[in-house]
Amino acid sequence: MSINVTRSSMPTYEEYCEEIKELWDSRWLTNMGVKHKQLQKQLEEYLDTPHVTLYTNGHLALENILEAMGFPKDSEVITTPFTFVSTTNAIARNGLVPVFCDINDVDYTIDVDKIEALITDKTVAIMPVHVYGNMCDVEAIKRIADKHGLKVIYDAAHAFGVKYKGISSANFGDASMFSFHATKVYNTIEGGAVCYQDDSYVQKLDDMKSFGLFGEEGRYIGGNAKMNEFQAAMGICNLRHIDGEIAKRKAAVERYRERLGGIEGIRLCAEQADVVSNYAYFPVVFDGYKYDRNEVFSRLKEQEIIARKYFYPLTNSFECYRDYDTAGVEKTPVASYIADRVLTLPLFADLSREDVDRICDIILN
């Protein structure tokens, strides 16, 4: 039986049909209807954050919040190449310059000790990435940003429901973007959101994601990034079950740790202090193991088990970023080292203990 790297969480067919039934009466399918407003309010409560603006996907949420901050073109944003390319693209598509900072080799988030050396008179913001459900060093990043007068926008695509010292991941920095893609811990089929404290962004973001229009007035050169009612309905259903889904993922992770922990050449991420994880991904670094990462990937695939080289390759190795002065994997050696050795193993709420054991048996034997 094949096992994919992830499997989307969904409510029962009957629950979703009940949730969308009223749409056949209202015929209001998009443009921030009842379901959209309901989900927005529920997410503000669940994430304990004052403002949630919903989007049709997380990438456009990230693009919009950057644009809303009004940075001059060619300004620099310090970020990490150890991420999905959406992060870097959102910066560049706003006419900004991504400046790549290396990661640390413990939790694979941005190395806070290397940020300040990259700050110039053109730097306007830091865009760190919470990876695999691991939180960045938010306290150190805040100190650096405050010292230099920089904005902080977190790519929190992997961090839905995560808390640090009891504070929701939605409440760090000037804004945090979440992805609600089908592969994530929490999904709205496709979707995303940006969370923030500043009241002035509410109307601006609503206008920008709806062609830049405020009534009949064109305030911005906006696009179309609205979440539709069917996406919102899926989000409403999935939110009812999110805590149980995370608990199931935790059980799978604990079994992986039992089987793979302490094995020479297999490196697992340590659990972070003061962090309540969402168990988004299970990364394994093959560092001196009897098989390298690519061999493990192939052996799993032969048994119809699909793992993922995630994140690989680094975004600063992509052709479209080679002309940037800040690009080049030689400038981010830790990220390059991890990217060449990391594999995320299958992880989803319905992954059984037996399947975890099957995966581990193949790796160990």
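## Close-up views of a predicted protein model

**Figure 1. Overview of the whole chain.** Of the 365 residues of the protein, which is shown here as a predicted model, 55% count as buried. The secondary structure comprises 11 helices and 15 strands, and the C-alpha atoms fill a box of roughly 65 × 55 × 40 Å when this is taken along the principal axes. The radius of gyration of the protein is 21 Å, which agrees with the value near 21 Å that a compact globule of 365 residues would have. Among the contacts with a separation of 6 or more, 71% are made by residues 24 or more positions apart. The protein exposes about 16,200 Å², and carbon and sulfur atoms supply 49% of that area. The protein carries 40 positive and 55 negative charges, and the mean positions of these two sets are 2 Å apart.

**Figure 2. Ser 176 and its surroundings in strand S8.** Ser 176 is found in strand S8, which covers residues 175–179. With a relative accessible area of 0%, Ser 176 is buried, because the cut-off for that word is a value under 20%. A polar atom of the Ser 176 side chain lies 3.3 Å from the backbone oxygen of Ser 169. Once residues up to four places away in sequence are set aside, Ser 176 touches Tyr 154, Ala 156, Ser 169, Ala 170, Ala 193, Val 194 and Cys 195, so that Ser 169 appears both in this list of contacts and as the partner of the Ser 176 side chain.

**Figure 3. Gly 192 in strand S9.** Strand S9 runs over residues 192–196 and includes Gly 192, a residue that is buried, with a relative accessible area of 0%. Leaving aside neighbours within four places in sequence, Gly 192 is in contact with Thr 53, Leu 54, Tyr 55, Thr 56, Asn 57 and Gly 58, and also with Phe 178, Ser 179, Phe 180 and Met 227. For a sense of scale, the C-alpha atom of Gly 192 is separated by 29 Å from that of Leu 268, a residue 76 positions away along the chain.

**Figure 4. Tyr 196 in strand S9.** Tyr 196 also lies in strand S9, and with a relative accessible area of 2% this tyrosine is buried. The side chains of Tyr 196 and Thr 53 are joined by a polar contact of 2.6 Å. Thr 53 is one of the residues that Tyr 196 touches when those up to four places away in sequence are not counted; the others are Thr 49, Pro 50, His 51, Asp 174, Ala 175, Tyr 201, Val 202 and Leu 205. The C-alpha atoms of Tyr 196 and Pro 346 are 150 residues apart along the chain and are separated by 32 Å.

**Figure 5. Gln 231 in helix H8.** The place of Gln 231 is in helix H8, which covers residues 229–260, and at 6% relative accessibility this glutamine counts as buried. Its contacts, without the neighbours within four places in sequence, are Thr 56, Thr 188, Ile 189, Glu 190, Gly 191 and Lys 226. Thr 56 is in contact with Gln 231 and is also listed among the contacts of Gly 192.

**Figure 6. Two residues with a positive phi.** Most residues other than glycine have a negative phi. Asp 48, in the loop between helix H3 (34–46) and strand S1 (51–55), has a phi near 55 degrees, while Tyr 132, in the loop between strand S4 (123–127) and helix H6 (138–148), has a positive phi of about 65 degrees. Asp 48 is exposed, with a relative accessible area of 58%, whereas Tyr 132 is buried, with a relative accessible area of 2%.

**Figure 7. Cis peptide bonds in the loop between H9 and H10.** Most peptide bonds are trans. The bond from Tyr 310 to Phe 311, however, is cis, with omega near 15 degrees, and a cis peptide bond with omega of about -5 degrees joins Tyr 312 and Pro 313. Phe 311 is found in the loop between helix H9 (293–302) and helix H10 (333–339), and the place of Pro 313 is likewise in the loop between H9 and H10.

Definitions and conventions:
Residues are numbered from 1 along each chain as its sequence is written. This is a predicted model: local features need pLDDT of at least 70, side-chain atom pairs count only at pLDDT 80 or more; totals for chains, interfaces and linings use all residues. Side-chain values use heavy atoms; hydrogens and water are left out. Helices (H or I, at least four residues) and strands (E, at least two) are DSSP runs, numbered from the N terminus. The radius of gyration is taken over C-alpha atoms; the globule rule is 2.2 Å times the number of residues to the power 0.38. Buried means under 20% relative accessible area, exposed over 50%, partly exposed in between (1.4 Å probe, protein chains only). Contact means heavy atoms within 4.5 Å. Accessible areas come from the Shrake-Rupley method with a 1.4 Å probe; for residues, only the protein chains shown count as cover. Lys and Arg count as positive and Asp and Glu as negative; His and the chain ends are not counted. The place of a charge is taken as NZ of Lys, CZ of Arg, CG of Asp or CD of Glu. A polar contact is a pair of N or O atoms within 3.5 Å; within protein, one must be able to donate a hydrogen and the other to accept it, and residues adjacent in sequence count only if both atoms are side-chain atoms.
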